Amino acid sequence: MERITIEPSGALQGTLRVPGDKSISHRALMLSALAPEHTEIYGLLMGEDVLATRAAMIALGAGISEPEDGYCVVDGVGLYGLLAPLEHLDMGNSGTAMRLLAGILAGQRFEATLFGDESLTRRPMRRVIDPLTAMGASITGDDGRPPLVVRPAGDGLRGINYTPPVASAQVKSCVVLAGLYAKGTTRVTETLPTRDHTERMLAAFGAPLEVDGETVIVRGGGQIHTPGRIDVPGDISSAAFWLVAASVIPGSDLRLEGVGMNPRRTGILGLLERMGGAITITNEREVCGEPVADLRVRHARLRGIDIGAADVPAAIDEFPVLFVAAALAEGTTVLSGAEELRAKESDRIAVMAKGLAAMGANLEERPDGIRIEGGSLRQAAVDAAEDHRCAMALLIAGAAAAGAEVHDTENIRTSYPDFLAHAKAVGLRP
Ligand code: S3P
């Protein structure tokens, strides 16, 4: 088990380019593998989650060069050109890889098994098994959890109209990808909007897809074609650690370049702004159908806020580090409607509550959220429970306060392999 010690830190200074967006990197590899041509990908995240998707798409017949500095070339096989894998497909720690790939595999004429690490094996898969079964797929889990065995559907898939019971881009994407292979039309309607990277990228690949309000409509039996080149923007979920660190550490003034600004991902900016954060957005542009900008963040006195269910999807991965901001703010922060946080790589409410409480935070864990009284934090040894985002959030808490020793940090490699190098580059002392 890896552990990282971090010292209290002075102001954060300088400029960072955060790694490629994890969600977009998975989708870039999957869709490029399904297009019948070559696709060049720039800015791919070199994290273990994305490398699991790369290995799976290679096992399914695609050619994908060894990524170097985020650049790779994908030799796609076409929507109907995937081959039966010789071995079970290892999705590592990645829920996105497993759930999206389940949708693609449901449309194939061969059997495949998806498995993952201990954390992934605990995660709920009924949310994809149910709609895929309704489409006619043959897919089984182990009491609703991985491994997932996907067998060829007898009569093939048929389109459905589906409203996911949880706000989940992974579920939406799974059903939409299966819809590419279904007879007729598949419609997925969301009650709360979640990230739409799949829809945007499928449009760039010329897929038979429309978006009407909160409904994604996909026609089966079509074709897709590569846009030739994909530029993956920086991951706002990785930028979030620096947005919070610079906000809470006096004297900080940091620039973050090329950050993805998909409006369904920028919840952290709105929440920090409501807390009194000083973030400015410049150089807004669009790259491959996704908005991108540069951010400047300066230290500010943050105050507590109320956060409700409607705020959750656009900041779903940023709550561990937002809890750190709340613990160091003035006043009380109350989060509700966020029970989904308990079904992530770890139970993020429990893991962060335990860690921040050990550092002296005054908080109360709730079934669907948390109440945090802002104040100061003291030095402590804390456990990230092998959750990459909790590990990085607790390290930021340590840097911003009296230091920390964070245990079980190895999964930082899944989403942000350069995290410690970047921490040192902006002046932190891990
Ligand atoms: C993701 C969607 C989110 C997010 C995850 C990545 C995606 O999960 O938490 O890290 O790439 O679609 P849900 O859609 O299940 O909430």
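A residue is called buried here when its relative accessible area is under 20%. By that criterion, 58% of the 430 residues in the chain of this predicted model are buried. The surface that remains exposed to the probe amounts to about 15600 Å², and carbon and sulfur atoms supply 48% of that area.

The overall dimensions fit well with this picture of the fold. A compact globule of 430 residues would have a radius of gyration near 22 Å, and the 21 Å computed for the chain therefore agrees with that expectation. Taken along the principal axes, the box filled by the C-alpha atoms is roughly 60 × 40 × 40 Å. Within it, the chain forms 14 helices and 23 strands. Contacts that span a long stretch of sequence are well represented: of those between residues at least 6 apart, 74% join residues at least 24 apart. As for charge, 41 positive side chains are set against 55 negative ones, and the centres of the two sets lie 3 Å apart.

Strand 9 offers a good place to look at the pairing in detail. This strand, residues 145-151, runs antiparallel to strand 7 (residues 112-115), to which three bridges join it. Here T113 stands opposite V149. Strand 9 also runs antiparallel to strand 8 (residues 138-142), this time through four bridges, and the bridge partner of S138 is R151. Strands 8 and 9 form a hairpin with two residues between them, where D143 takes a positive phi near 55 degrees. A further backbone feature comes within strand 9 itself, where P147 is found: the peptide bond from P146 to P147 is cis, with omega near 0 degrees.

Positive phi values also turn up elsewhere in the chain. N283, a residue other than glycine, has phi near 55 degrees and lies in strand 16, which covers residues 278-287. Its relative accessibility is 47%, so N283 counts as partly exposed, the class between the 20% and 50% cut-offs. A385 is likewise not a glycine, yet has a positive phi of about 55 degrees. The setting of A385 is a loop, between strand 22 (380-383) and helix 12 (388-400). With 27% relative accessibility, A385 counts as partly exposed because this value falls between those cut-offs.

Methods: Residues are numbered from 1 along each chain as its sequence is written. This is a predicted model: local features need pLDDT of at least 70, side-chain atom pairs count only at pLDDT 80 or more; totals for chains, interfaces and linings use all residues. Side-chain values use heavy atoms; hydrogens and water are left out. The radius of gyration is taken over C-alpha atoms; the globule rule is 2.2 Å times the number of residues to the power 0.38. Buried means under 20% relative accessible area, exposed over 50%, partly exposed in between (1.4 Å probe, protein chains only). Contact means heavy atoms within 4.5 Å. Accessible areas come from the Shrake-Rupley method with a 1.4 Å probe; for residues, only the protein chains shown count as cover. Lys and Arg count as positive and Asp and Glu as negative; His and the chain ends are not counted. The place of a charge is taken as NZ of Lys, CZ of Arg, CG of Asp or CD of Glu. Two strands pair if DSSP finds at least two bridges between them.
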